[in-house]
Amino acid sequence: MNDLCKRAGLSLAFMALMVLTSFSAIAAVPAAAGRTASESFSGFTKQVMMNGHSPMQASVTIDLSNGDPTSGTIPAWYDITVDGTIQANGGGVPPMVGDNWPNEPIYQDQLTGSYEEQLANAKYTRIITVASVSKLTVAVNEVANCPDIDLALWYDASMDGVAQLTEPYWYVGTASSSESLRLTNPADGQYLVKVLGYSVTGAPGYFSLSVMRGVQGAEITAMNLEPLVGSGMHAFDIYYSFPAVPGTYVSYATFGFMGANDMFSIEVTVNIVP
Ligand SMILES: [Ca+2]
């Protein structure tokens with residue numbers, strides 16, 4: 001245990017942190033969750049004390065000019081107190097690259113023609129480029145004085161920066177300013193973020209825009225967990241693997257118990273420099 005503590009830089013103060021996690025909320029785990037018929041079902045409701053885990057967050061710098069490998073592992077551990085044994089599972093959240101524009105000005109648009117025409121003609125346009133993206137999420141929120149804006153995303157097939165109704169597009173328009181769109185495996189190319197000023201009370205109003213891109217071939221996962229664990233400290237690895245594309249990637253390795261692999265999250269930042 002001491003070796004593990006040193007390896008992962010455990011502080012004594014952190015050991016004092018006790019998190020009580022009750023499993024009673026997931027007592028209805030189906031019997032097919034890898035248990036044999038000879039086991040007692042009384043084990044379905046358990047309490048485990050999470051005495052601590054480390055790291056709480058991690059960061060890795062990959063310097064491509066140094067020839068650093070773009071995959072590797074980070075040592076990790078957790079320490080629990082549990083009656084008997086419990087299943088442990090590791091997982092992860094697919095890494096995303098985010099761009100944020102926190103304070104974009106927007107003006108009231110002319111609301112003439114069909115709704116689709118209004119979206120295509122919206123004055124606000126931001127061009128984004130998509131390459132090797134697994135998931136693309138675009139979201140807007142009101143910052144000030146634009147109680148109703150709507151969001152559209154255009155595939156700019158003609159590459160002219162203009163939204164045409166003959167091009168593929170997606171849109172969402174609720175009676176608020178919180179809108180988001182998500183595309184899975186979007187085609188590579190140029191896209192136009194169109195934001196329609198449907199009801200803008202400022203001249204201008206302001207909204208925030210975020211564009212999140214999931215990265216093909218990127219992975220952050222907690223792995224090599226002992227499948228069945230009792231009280232004490234248990235080591236595992238945080239595995240990361242990225243394409244050799246510069247950028248700062250933030251995601252989470254997760255782990256948990258009794259079939260849940262996302263009860264605890266470890267934020268991992270991977271900075272790939274050219
Ligand atoms: Ca809206």
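This text walks through two nonpolar cores and a group of paired strands in a predicted model. Because the model is predicted, local features need pLDDT of at least 70 and side-chain atom pairs count only at pLDDT 80 or more, while totals for chains, interfaces and linings use all residues. Residues are numbered from 1 along each chain as its sequence is written.

The largest nonpolar core (a set of buried Ala, Val, Leu, Ile, Met, Phe, Trp, Tyr and Cys residues joined through C-beta atoms within 7 Å) has 27 residues, of which Ile 106, Ile 149, Leu 153, Trp 154, Val 193, Val 195 and Phe 207 touch the most other members. At least two residues of this core come from each of helix H3 (115–120) and strands S7 (133–144), S8 (148–155), S11 (189–199) and S12 (205–215), with helices (H or I, at least four residues) and strands (E, at least two) being DSSP runs numbered from the N terminus. S11 gives the largest share, 6 residues. Apart from this core lies another, of 26 residues, including Ala 76 and Phe 242.

Strand S16 (residues 247–257) is largely enclosed by the rest of the structure, because 8 of its 11 residues are buried (buried means that 20 or more other C-beta atoms, placed from the backbone, lie within 10 Å of the residue's own). S16 runs antiparallel to strand S5 (residues 86–106), joined by 7 bridges (strands pair if DSSP finds at least two bridges between them), and Gly 90 stands opposite Phe 255 in S16. S16 also pairs in the antiparallel sense with strand S17 (residues 264–273) over 9 bridges, where Tyr 249 stands opposite Val 270 in S17.

How values were computed: A residue is buried if 20 or more other C-beta atoms lie within 10 Å of its own, exposed if 12 or fewer, and partly exposed in between; C-beta atoms are placed from the backbone.
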